Structures are given as structure tokens and as C-alpha cells.
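The following exercises concern a two-part reading of a structural model: helix packing, then strand pairing and backbone geometry. Please consult the sequence and the coordinates while working through each solution.

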Amino acid sequence: MSHFGFENDVHNVLRLDMPITNAPMARWQRKASTSSSTSTNSLSPNRSVNSSVSLSKTPSKTPGKNSKTQNTPSKAGGDRFIPTRNNKQLDVASFLISKENEPVEETTSSTPNQKAWSVTLNGYDIEEAKILHLGGKPLNAPEGYQNNLKVLYSQVPTPVSIKKSRYISSVPERILDAPDIKNDFYLNLMDWGRQNLLAVGLTSHVYLWDAGAGDIVLLKKMEDDSEYICSVSWSKDGNFLAIGTSDCKVELWDVQYQKRLRSMDGHLARVSCLCWNDHILSSGSRSGLIHQHDVRLADHHIFTFGGHTQEVCGLTWSPDGKYLASGGNDNMVYIWPVTTGSEYQAIHALNEHQGAVKALAWCPWQPNILASGGGTSDRHIRIWNANSGSCISALDACSQVSSLVFAPNYKELVSGHGFAHDKVIIWKYPSLSKVAELEGHEDRVLNLALSPDGSTVASVAADETIRLWKSFEKDAVKKPKRPPPLKAKPSNFFFLFQFLHI
Amino acid sequence: MSKTLKGITLKGSAELVAEFFSFGINSILYQRGIYPAETFTRVTQYDMSLQLTTDAKLKNYLTNVISQLKEWLFDCTVQKLVVVITCLETNEVLERWQFDLECDKTFFLPDQCKYESIQEEIRSVIRQITATVTFLPLLETACAFDLLIYTDKDLEVPEQWEESGPQLIDQSEEVRLRSFTTTIHKVNSMVAYKRTNST
């Protein structure tokens, strides 16, 4: 029966050792037969190839019809069930199937090329070796372990070494009212004493503000309203306040009793700056002269330093008491020695500033370092070595420098500015890199004063406010033991004055 | 400890090489920071101080591998030992320490073999391993390690051991290190690491 034909065909094809009968000769067989030069056998498969190709192109919707029309045995296996067989596929298929019958060639050694490729691809010669590893759970480092070699070996400085910069509040801790303050660049109207009292001169009044308790005391009122306070300065122990006035007098007040102890004159012009050196009080005036007063003596005026040609606006003694630095409106900074004998010549005359030098400060932790700041036309902060008189560094602050203060808690320099930005800037010393800018004042900052514990800097400005910036707070643990505040009555001065009826 | 051997036996050589591998692998784990440095203790070996791990699991694992390795060394069926360091998350091979072993089966007892010279050579190899930290790229991610042993093809695979691939690094830089020999076994070392993009 013809319908078994297909089944037989399939069986024959699948039975590997039987030669294929129905399919045309495989190409290699055809080649073999052509080489042996038989004509008919070779031709008919070709013809059948051609015809079956044409067959496959025609759409066969009625397979039965097609198979009936071409029912020659030399056809490419077309029958009822499989009308067309693609010759090419059959070629390949029969080749491959019959090939398996052939004995496989023993490849004793792969060609050198193949071997080389195999070695490169696999990393080793597969023929020769195999790779083993001990199975089991993978051994890993404990969780959370970070390879810290990067910290050990990398060149980038590790975060551990960089100190975290502290938080500096951009708003003042407190704002105090300072009405009627004279907006005069050359005056020094604020000072913070050791007893934690802030003294401010407001035109003709001197007020004391207790930073601890918060109460305000009116210490002095000028008798003559046309006169005004020009400078205030606390003595070292904070018990005495020296007040310089526009009527050329220097007054000494005992704060505890709120009594004026003495009034020293001798100046020819207003006393715009004052500075204490133990019992010596130096006063600078508009005349350009600096008077030294020994407050214990009746004849107080012991020396005069002359040198400035214009108003002396900055005056400060070094912490060790060896040098007096003075700055004036003549753009000069003079360094005077502590007078022994009759030497009262300036050691150094520093003229690098292009503007009035009111801002002067000595470094408390490094000896012989003086910082000076120039006015509007100069705007520079300069650091000097007082021994040699050389300028160590200069920094353009872009604004008139009205006051300088060293803050020892974090080794910083604070500068108060006027025109143009009216800010208080904290610089790192000695790198002079900007640490913080404290904004808030609406008019030029006139003076700065550091609290006795060094944690707060007060700035008084022409906008009639005093702003207290708590920028240098040390950790409570690390606070060094402060020497007990000197509350003992300074008996020397008091009894002396009583005796002298001054 | 200076042993002056008359000659060296196959067994002795196998032990020496296995010991070297044990210390060498520990050094690699320590230097590359695969395991925390705190889990290592210092011991003196080859006249220098080396680090050995104290982690129990790791010690166990290493002891298993090394003892098996010793057997194979004795049979001269091992060809290479490879320490593969892979990134834990991506399973990418970052570093590959390959120690090639050449076994001279036709051994004899040479008179001139000295323990000190072998020790000296081993010392220099381990020192080199330590020194490689200067040029090997830092392993920034958490890493896992694996030990692969290349053996003869017809070797019977013992229990717990599996076959694996070579775990090569694509785009690797290779540095050949010193070798040492015990006249029976010769060990060549080299380290391959993944080329980093940054110079």
C-alpha cells in the first residue's frame, strides 16, 4: 500500500545501517559517480533536482493533485504525505547520517594551531590537566568587614587626620543696643574686662554691661555735654577702667565702687586710644603723641613717645610687656620698647600700610607677632615680626579694617571691617585662610573685643548695635583651668589715692 | 632551625612545598586584606615573621587543601596552584596568583642540597609577595578567595573536590615573581591582576 511507503521511508532513513533508497544520491555520492563518469545516473538526480525546485515554488494547496501529476520514482521523494522534500536538506541530512557509519578518524594529537588556541582560550592544556577546587561553602570574610588597606596605603590624606571644623553660628548670640555711639573711625569705644564687664562709651556716657548677670550700669556721664568719650580701656585685672575724653583728660575709675579715682591731664588733644601695661597706662592722642603714665605716682606722666604726625588711633602693648605698638592716621606703625632709662626711640617704623592703622593686635600664643590692619585706602592685614620688623605676611581683606583680635581658643584672628562689607571675619592663623564670615551689622564695625574666656567676640558698629558672636566656644571638658578672678582689693592704688588727695 | 640534610627526599620536598604554600596563601590573604588583619597572628618561619590566620573555618579549609596538596605533590600529579581573588558581589576575578609546579620525577639524592638555600629562596618569594602590595591595585570591594589546583587529567577526584574552570582575568597585567626549587619540585610564581582603567 502506498500509505505505508512513507512509513517505510522513515524507517529506512532512521535505520542507520541501511542505505537510503528513495532519496536522491548524496552529493558526495554524486561526485563519486560523476568521477567514475556515468552519465544517466548523474543526470537524472540533477534533473530531479531542477524539477523539484520548480515544484517547491508552486504553492501546493492540493497536495494530492500534485503528487498524482508527478508520480515518477526519480522524483525527490514526493508522495501523498510529503509532497515536496527540499532536496538540499535531504542532501545534507543523508550525508550527515551516513557519515556516522564511517569510522571516526582517530585524532591522536590536534594540530599545533588547535592546541595553541586551546591553551590560550582555556589557560591551560585541556588534554593534559584538569582543575580542581575544594567544594563546600564559600569562605568569606565576616560580614561588614571592609578592606581597610585603602586607608593604609592610599595617598589621599585620611579623614581621620583632618579635624572637623567646628560649627560657627552665623547669627550673634546676643545683640545689645548702643544708641548714640559716635561713628568715628579713630575712637576706641569698647573694651571687655577680666571681670566679664563690657564697657562702652556712648557719646558722653560710659555704660558697663555685666556679661554674666546681664545688668547695665551707668558708670560715668560727662559733665559737659559737648564733650564725649573717646576711648575706654580695662586694666589687666579688670578692676579699673581708664577713660579718655575729648577734653584731653584720662580718667581712672574704680568699678567696684563706681568712683573716679583720678583724672590725668597733659594731653593737648583728645585721647583717642589707651592701653595698660600693668601699672603703666599709655595714651595716644590726636596730637600724635603717646604719653606714658605711671598711675601709682602723683607725677604720672613719665614718658612721651613722639613719632606720629597725625592722630594716634591704635595702641597696644605686647603680652610680655616688652613692646608697645602704635598705629596712626599717618599710615605708620611704630614699635616702642618698654622704656628703661632714657631710651624712647621707636625700635621699628613700619610704613607698608597705605591707610590709617587703627587695628593692632599682638599674638598671645606666639611671641613677637603683631597683626595690623589698614583703613579704607589700604584694606590689608599684615603680620609682623616685632623683633626684626619684617612683614611676615599680608592679606587683602577687601575692606577697611577697623579692629583686630587674636582668638587663642582655636588659634584664629578676627577682623572687624567697615566699608565695604561691614563684616566680622575669622581667619585661621597662621595660614590666614578664611574660617567664617559673620554678617549682620548694617554699618561699619568700629571695634572688636574678646571676652575674658575667649569664647565670644563682641563687635560694636555704627548701626548702634553690639553683636556678641559666640564663635570660639571650647568643649566644656577641654576648658583649661582658669585662674580665679582677681577679686582682691587692690589696696596699693586705693590707699595711695586717698593719701594723695587726688 | 637549620637542618642540614644529607639529601632531600620526595616526601621531604613535598612537605617543604606544602608548607611554603600554606604560609604563602596566608600571606596573600593578609596582605590583600581579604580577611581582617586582626584575625592573623604573627609566627616566625623561614627566619622572618609571617602572618597566620586564626579563623577556625579558614584554618580548617586550608589544612584540608594543603594536606591533599601534599599527597599530590608526593605523587607528582599536581601542576599548578592558583589563588583566585574575586569580587564578592559581581564574582569578577580581580587577582590571580599562580604557582607553577614542575616535578622532577627522576629524582635522586643530591649531596649538595642544603636546607638553608631552599629557605633563602622561599624567603625571597614570600618577601616579594609582600612587596607586591606596592603595585597591585587596591581591592576596594569585599572579596572572596578560592584555591584551584591543576592536576593531571587522569587523577581520581577525591571527595569534596569539584572540577572548576580556570577563572582567568580578562585584560590582565601579569607580573612574574621569583621561583624556588628543592631540586625535586620547582615552584614558579606569578600574579595576574585586572588592569585598572586609571593609570
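The model is predicted, so local features need pLDDT of at least 70 and side-chain atom pairs count only at pLDDT 80 or more, while totals for chains, interfaces and linings use all residues. Residues are numbered from 1 along each chain as its sequence is written, chains are lettered from A and ligands numbered from 1 in the order in which they are written, and side-chain values use heavy atoms, with hydrogens and water left out.

**Exercise 1.** Determine how helix α1 of chain B is oriented against α2(B), and classify the residues of their contact.

Solution.
- Step 1. Helices (H or I, at least four residues) and strands (E, at least two) are DSSP runs, numbered from the N terminus. Here α1(B) spans residues 10–31 and α2(B) spans residues 56–75.
- Step 2. The two axes come within 9 Å and cross at roughly 150 degrees. Axes are lines fitted to C-alpha atoms, for helices over the stretch in contact, and angles run from 0 to 180 degrees between N-to-C directions.
- Step 3. Because of this angle, α1(B) is roughly antiparallel to α2(B); angles under 35 degrees count as roughly parallel, over 145 as roughly antiparallel, 65 to 115 as roughly perpendicular and the rest as oblique.
- Step 4. The crossing of α1(B) and α2(B) is right-handed, a crossing being left-handed if the near helix is turned anticlockwise from the far one by less than a right angle, and right-handed if clockwise.
- Step 5. Contact means heavy atoms within 4.5 Å. Among the residues that make the contact are Ala14(B), Phe21(B) and Ile25(B) of α1(B), and Leu62(B), Ile66(B) and Leu69(B) of α2(B).
- Step 6. The contact of α1(B) with α2(B) comprises 13 nonpolar, two polar and three charged residues. In this division Ala, Val, Leu, Ile, Met, Phe, Trp, Tyr, Cys and Pro count as nonpolar, Asp, Glu, Lys and Arg as charged, and the others, Gly among them, as polar.

**Exercise 2.** Repeat the analysis for α1(B) and α3(B).

Solution.
- Step 1. The axis of α1(B) and that of α3(B), residues 115–131, come within 10 Å and cross at roughly 20 degrees.
- Step 2. That angle is why α1(B) is roughly parallel to α3(B). The crossing of α1(B) and α3(B) is right-handed.
- Step 3. The contact includes Phe20(B) and Phe23(B) of α1(B), together with Ile118(B) and Ile122(B) of α3(B).
- Step 4. Its residues divide into ten nonpolar, three polar and no charged.

**Exercise 3.** Describe the pairing of β1(B) with β2(B) and the surroundings of Thr39(B).

Solution.
- Step 1. β1(B) and β2(B), the latter at residues 48–53, run antiparallel and are joined by six bridges; two strands pair if DSSP finds at least two bridges between them.
- Step 2. Thr41(B) lies opposite Leu52(B) of β2(B). The hairpin has two residues between its strands, and Tyr46(B) in the turn has a positive phi of about 55 degrees.
- Step 3. Thr39(B) belongs to the loop between α1 and β1 of chain B. Leaving aside residues up to four places away in sequence, Thr39(B) touches Leu52(B), Thr53(B), Thr54(B) and Asp55(B).
- Step 4. Thr39(B) and Leu52(B) are 13 residues apart in sequence, with a C-alpha to C-alpha separation of 8.4 Å.

**Exercise 4.** Give the strand order of the sheet that contains β2(A) and β27(A), and identify its edges.

Solution.
- Step 1. The sheet is open, with four strands in the order β2-β29-β28-β27 of chain A and antiparallel pairing.
- Step 2. β2(A) (174–177) and β27(A) (445–450) are the edges; each has a single partner strand, so one side of each lacks a neighbour in the sheet.
- Step 3. Ignoring direction, neighbouring strands of this sheet are turned by 20 degrees against each other on average.
- Step 4. β27(A) pairs with β28(A), residues 457–461, over five bridges in the antiparallel sense. Within β28(A), Val457(A) is the bridge partner of Leu450(A).

**Exercise 5.** Locate the backbone exceptions around β25(A).

Solution.
- Step 1. Most residues other than glycine have a negative phi, and most peptide bonds are trans.
- Step 2. The peptide bond from Phe419(A) to Ala420(A) is cis, with omega near 25 degrees. Ala420(A) lies in the loop between β24 and β25 of chain A.
- Step 3. The bond from Tyr429(A) to Pro430(A) is cis, with omega near 5 degrees, and Pro430(A) lies in the loop between β25 and β26 of chain A.
- Step 4. In the hairpin of β25(A) and β26(A), with five residues between the strands, Leu432(A) takes a positive phi near 60 degrees.
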